[in-house]
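Colleague: I've got the model open and a few labels puzzle me. Can you take me through how they were decided?

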Amino acid sequence: MSKTSQTQEPLSELEKAMDAIIDVFHQYSRREGHSDTLTKNELKLLIEKQLANYLRHVKSKATIDEIMKDLDVNKDAQISFCETMLLITRVTIATHEHLHEVEGQQQQQQQHQHKHQHQHPH
């Protein structure tokens, strides 16, 4: 199921990442209920299988029920692709922050004076 026609440029890294998100969503959304939304069970599976490592970076440790309630903006007990993207965006932002924290800790260990260099150029 290729989304690209023959005439298109090769997909960029970001476009491949977008395709991967859509494909993963469909792997879970097609299991039960409506084929283009996630039920609570499908959401739980997707989170457990696809976000096991990075969900840890989100500071508030929400349960599946809380995440479902939070994402289900229109309260139809189904999570649309749009609503799923809210979770993916949140986790991605938290992971980005986490990477900088780790980076910062490593830099502090390497050179304790590093943060002063930006304020006082030599």
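Modeller: Sure, and keep in mind that this is a predicted model. Let's start with E13 and K16, whose side chains meet in a salt bridge with 3.7 Å from N to O.

Colleague: What makes E13 and K16 a salt bridge?

Modeller: The rule asks for a Lys or Arg side-chain nitrogen within 4 Å of a carboxyl oxygen of Asp or Glu. The N to O distance for E13 and K16 is 3.7 Å, so the pair passes that 4 Å cut-off. As for the chemistry, side chains of opposite charge can pair when their charged atoms come close.

Colleague: Why are E13 and K16 about one helical turn apart?

Modeller: Because they sit three residues apart in helix α1.

Colleague: Why is E13 called exposed, and why is K16 called partly exposed?

Modeller: Exposed means over 50% relative accessible area. E13 has 63%, so it counts as exposed. K16 has 44%, which falls between the 20% and 50% limits, so partly exposed is the label.

Colleague: How many salt bridges does the rule give?

Modeller: The count comes to four. Another one of them joins D65 and K40, with the closest N and O atoms 2.4 Å apart. D65 is in helix α3 and K40 in helix α2, so this pair ties together parts 25 residues apart in sequence. D65, at 45%, is partly exposed, and so is K40, at 39%.

Colleague: How do you know that R90 and D70 form a salt bridge?

Modeller: Same kind of check: their closest N and O atoms are 2.6 Å apart, and the limit is 4 Å, so the pair counts. R90 belongs to helix α4 and D70 to helix α3, 20 residues away along the chain.

Colleague: Now M68 in helix α3. Why is M68 called buried?

Modeller: Buried means under 20% relative accessible area. M68 has 8%, so it is buried. Leaving out residues up to four places away in sequence, M68 touches T39, K40, L43, A77, Q78 and I79.

Colleague: And the largest pocket: what makes up its lining, by class?

Modeller: There are 11 nonpolar residues, six polar and no charged ones. Leu and Ile count as nonpolar and Gln as polar. I21, Q50, L51, I88 and T92 lie nearest the centre of that pocket, and α4 supplies the largest share of the lining, seven residues.

Colleague: What about the second largest pocket, by class?

Modeller: That lining has seven nonpolar, one polar and five charged residues.

Notes. Residues numbered from 1 in each chain as written. Predicted model: local features only at pLDDT ≥ 70, side-chain atom pairs only at ≥ 80, totals over all residues. Heavy atoms only, no water. 1 Å grid on protein atoms, 1.4 Å probe; cavity = no way out; pocket = protein on both sides within 12 Å on 5 of 7 lines; lining within 4 Å. Helix = DSSP H or I, 4+ residues; strand = E, 2+ residues; numbered from the N terminus. Buried < 20%, exposed > 50% of the residue type's maximum accessible area, 1.4 Å probe, protein only. Contact = heavy atoms within 4.5 Å.
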